[in-house]
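Dear colleague,

Here is the structure I said I would pass on. My notes on it follow below the model.

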Amino acid sequence: AAIKKYQFDIQVRNVSRLCHAKPIVTVNGRFPGPTIYVREGDRVLVNVTNYAQYNMSIHWHGLKQYRNGWADGPAYITQCPIQKGSSYNYDFNVTGQRGTLWWHAHIFWLRATVYGAIVIMPKQGTPYPFPRPNMEFNIVLGEWWNTDVEEVVRQGTKMGLPPNMSDAHTINGKPGPLFPCSEKYTFAMEVEPGKTYLLRIVNAALNDELFFGISGHTMTVVEVDAVYTKPFTTQTILIAPGQTTNVLVKANQVPGRYFMATRPFIDVPLPIDNKTATAILQYKGIPNTVLPSLPQLPAPNDTEFALSYNRKLRSLNSPQFPANLPLKVDRKLFYTIGFGKDSCPTCANGTRLLASLNNISFVMPQTALLQAHYFNLTGVFRTDFPDKPPTPFNYTGAPLTASLGTVHGTKPSLSKIAFNSTVELVLQDTNLLTVESHPFHLHGYNFFVVGTGIGNFDPVKDPAKYNLVDPIERNTVGVPTGGWTAIRFRADNPGVWFMHCHLELHTGWGLKTAFVVEDGPGPDQSILPPPKDLPAC
Ligand code: C2O
């Protein structure tokens, strides 16, 4: 195993897209930021130095950070922010994982521009469990606002409303020629006939689940969230914010130019966002004058496609890469997802939106929760997060008002989990104000998605239909609109681990919580001591 070192300078740079130039926060002046290349088993040291006016914190999304939450990154959960003029060295091992993950700022909405891919190659001499591609490309999907994102959010908060939709989607930071002034901001990928390419696709968008397709070509899905899958072929992939998907693409069409395209999947009565970002798949030697054609993507609200696509995702579950699914469950949790309103004297109409789990809208602490837990600081958080909603109701019936009450306490409320216990968590969407789909991300773990469905979870009938053979293993999963998703994991990683909706909008409204996983009795089962340079609060 090697030590891989990276220097991340947080700098503000002027970047221009869609005929608008604006200062954005970057890593090393680049947008998107640099890719981290490592091999399974490596130790990684990323020294982050903050030269910007904003507080910063970086999260290595999907890396398990065993016993090492200090390197996980969510601000005020595992560390305090890196302030202007300071540095912090993220020091972690990449153990037992290989594939595509990504990193992003984990403070306010700064991940709008501060993100990049993480490529973890398998151990030397360990081939991929699929035919070896001739070449690999990263395809990082994102969003672009013409105005300052923090300002967009501030405006929204003042009005107590969702902030404005982004002005473009992007592929590797580029919107593609369907947007104004974007001809030269188009990502192009050159291919040779007959060769096979591995595309490492990341959804770094703030608020949109995305379809992605390539005209004329099919894709074979081989991995999601750095876990190998049973391969299957599709015209379109669906990818939620936080998720990654690796596909194989064979350049087996008439040599020419083809559009890759991405646009949102939205199956709720919101204004449909139809903006399509494009990039070009170009066969070698074809002149740029040949016009590409667009791929057929499903309708923006094609729920059927979404359900059937997600059903196809299965763990590879081979002897070499077994699915270590817990079959016995020690702790059952049932969390409802809802929206509510809170009075807000400083907001334009006196109220603002909140989002909650089991009616609790998370309040951010002033001190990092992991520090508070490790040093036994009392009074920072409580461990009374309920295992189920206060009162059961018809979760997905007619639209409900906020009268069920959303609690917005003064301290974060967390759930305490015994070391090595097996947990099943059912996330249930509700019609509190409105139904909507939510990509949930758990830090510090992968989990198995044992079941999902539309309507209310039935604790008798639904578990009987679980996939306990080859459920997909991942770190971010969609809870369908007006439906539920059941996940399982073994709590073998001690620490304080954030869990939240990866739509930045919803996270901001409080759709988040954290698990305190207790230390185990063994010598290697407790949280490692904090690094010396851990930022102080
Ligand atoms: Cu990718 Cu807590 O986030």
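**An exposed glycine**

Glycine 409 is exposed, because 12 other C-beta atoms lie within 10 Å and a residue counts as exposed at 12 or fewer. This glycine sits in the loop that leads from helix H3 (369-374) to strand E22 (415-417). Serine 361 is 48 residues away from glycine 409 in sequence, while their C-alpha atoms are 7.6 Å apart in space. Please keep in mind that this is a predicted model.

**The protein as a whole**

The protein has 4 helices and 30 strands. Its radius of gyration is 22 Å, which agrees with the value near 24 Å for a compact globule of 537 residues. Along the principal axes, the C-alpha atoms fill a box of roughly 65 × 55 × 55 Å. Of the 537 residues, 51% are buried. Among contacts with a separation of 6 or more, 78% are between residues 24 or more positions apart.

**Annotated spans**

An unreviewed UniProt entry carries the annotation "domain: Plastocyanin-like" for residues 10-124, 137-285 and 384-519. In the model, residues 10-124 are 0% helix and 46% strand, with 33 Å between the end C-alpha atoms. For residues 137-285 the figures are 7% helix and 46% strand, and the end C-alpha atoms lie 19 Å apart.

**A four-stranded sheet**

Strands of a sheet pair through backbone hydrogen bonds, in either a parallel or an antiparallel sense. One open sheet here is made of 4 strands in the order E3-E8-E7-E5, with mixed pairing. Strands E3 (36-39) and E5 (58-61) are at the edges; each has a single partner strand, so one side of each lacks a neighbour in the sheet. From one strand to the next, the twist averages 20°. Inside the order, E7 (residues 99-105) and E8 (residues 115-121) are antiparallel and share 6 bridges. Tryptophan 102 has alanine 117, in E8, as its bridge partner.

**Strands E13 and E16**

Strand E13 (residues 210-214) runs antiparallel to E16, and 4 bridges join the two. Phenylalanine 212 is opposite isoleucine 237 of E16. Which way do the residues of E16 (residues 236-239) point? Thr236 and Leu238 point one way, Ile237 and Ile239 the other, and all are buried. Ile237, the residue opposite phenylalanine 212, is thus listed with the buried residues of a strand that has buried residues pointing both ways.

Regards

Notes. Residues are numbered from 1 along each chain as its sequence is written. This is a predicted model: local features need pLDDT of at least 70, side-chain atom pairs count only at pLDDT 80 or more; totals for chains, interfaces and linings use all residues. UniProt positions are given in the numbering used here, feature names are shortened, and annotations may be inferred rather than shown by experiment. A residue is buried if 20 or more other C-beta atoms lie within 10 Å of its own, exposed if 12 or fewer, and partly exposed in between; C-beta atoms are placed from the backbone. Two strands pair if DSSP finds at least two bridges between them. The radius of gyration is taken over C-alpha atoms; the globule rule is 2.2 Å times the number of residues to the power 0.38. Two residues are in contact if their C-beta atoms, placed from the backbone, lie within 7 Å. Axes are lines fitted to C-alpha atoms, for helices over the stretch in contact, and angles run from 0 to 180 degrees between N-to-C directions.
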